[in-house]
Amino acid sequence: MKLLLQAISHCSDGMGVNRDAFVRLLHSAGESVQAFVYPPHCLLCRTPLDESNGLCPGCWETLDMIKGPRCGRCGCPGLSDPCTNCADKDFVFSRMSALTPFSRSVQRMVHMLKYQGLTAAGQTLGRALGRMLERESLAEARPVVVPVPLHGSRLRERGYNQSVLIARSLARVLDLPVEDRALKRVRATETQTNLDSAQRGANMEGAFLVRRKDLVRGRPVLLVDDVVTTGATANACAAALLEAGASEVDVAAVACPYFDAEKPDARTAVPDSALFI
Ligand SMILES: [Zn+2]
Ligand SMILES: [Zn+2]
């Protein structure tokens, strides 16, 4: 599977408009074979499942999906105006939406996805994110979906880009085009863990460029990432996309570590049956 995804990632531009259809075909064929050889189990607790929803109902609950009103700019739950999470942020994207806070279950799934080669976690999270955007009418402008790219060295090491997997699953739910060749990470950035917000912004400067302006010019873009922390990476990508002529950039992420302590009542852990797909 890893080799297959690697081959897809390196497909030449020459495949043109049929590339997405080809990728979808390979994915559905792969999923059918996989379901036959490995009957579906919950990714987190290994409970057998009747159909491949990725997680059992109990584990969906532990993802702690964000519900209810959110800030129109950063997606932070709650109704404070101005939003205390983003009032001092200099975002160039229009709106950010996340599926869940960075709960322990999501951390485990993102870890499986990024470091254990469990690509099914990306598909499950991408589908759930797509359902959320659909339910909340957050992709009505019919944007082109652009995943946050990995640097070439990281892509070779991992064999796939987890954001591409999330983006493709999300796009299938919403029936949107994916353009994973539009944006390129031209500079390998140092780890951001120990940097504050301003340092992260500086660290990301010039890290991305749009190598296919024709794919985004005049179009709304939905930028997809696995986890958004300060928003510095998403902001740098959005700046490059807007400079290349994108009409607007929204951001969708699986997880964002909101300030839980400040808004303990803003989220509920009630599972949403619409996400069971
Ligand atoms: Zn489970
Ligand atoms: Zn906000």
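Two strands are taken to pair if DSSP finds at least two bridges between them, and with that criterion in hand the sheet of this predicted model can be followed strand by strand.

A good place to start is strand E1, residues 95–100, which runs parallel to E6 and is joined to E6 by 5 bridges. Within this pairing, Ala98 has Ala253 of E6 as its bridge partner, while Arg95 is matched in E6 by Asp250. Strands of a sheet pair through backbone hydrogen bonds, and they may do so in either a parallel or an antiparallel sense.

Strand E5, which spans residues 220–227, also pairs with E6, again in the parallel sense and over 7 bridges, and here Leu223 stands opposite Val251 of E6. The connection between these two strands involves helix H9, residues 232–243, such that E5, H9 and E6 together make a right-handed β-α-β unit.

Taken as a whole, the sheet is open and has 4 strands in the order E1-E6-E5-E2, with parallel pairing. Its edge strands are E1 and E2 (144–147), each of which pairs on one side only. If direction is ignored, neighbouring strands of this sheet are turned against each other by 25° on average.

Strand E6 itself, covering residues 248–255, is mostly covered, in that 7 of its 8 residues are buried, where buried refers to a residue with 20 or more other C-beta atoms within 10 Å of its own. Helix H4, made up of residues 104–115, lies across E1, E5 and E6, and runs at about 100° to E6.

Conventions: Residues are numbered from 1 along each chain as its sequence is written. Chains are lettered from A and ligands numbered from 1 in the order in which they are written. This is a predicted model: local features need pLDDT of at least 70, side-chain atom pairs count only at pLDDT 80 or more; totals for chains, interfaces and linings use all residues. A residue is buried if 20 or more other C-beta atoms lie within 10 Å of its own, exposed if 12 or fewer, and partly exposed in between; C-beta atoms are placed from the backbone. A crossover is right-handed if, with the strands pointing away from the viewer, the path from the first strand over the helix to the second runs clockwise. Axes are lines fitted to C-alpha atoms, for helices over the stretch in contact, and angles run from 0 to 180 degrees between N-to-C directions. Two residues are in contact if their C-beta atoms, placed from the backbone, lie within 7 Å.
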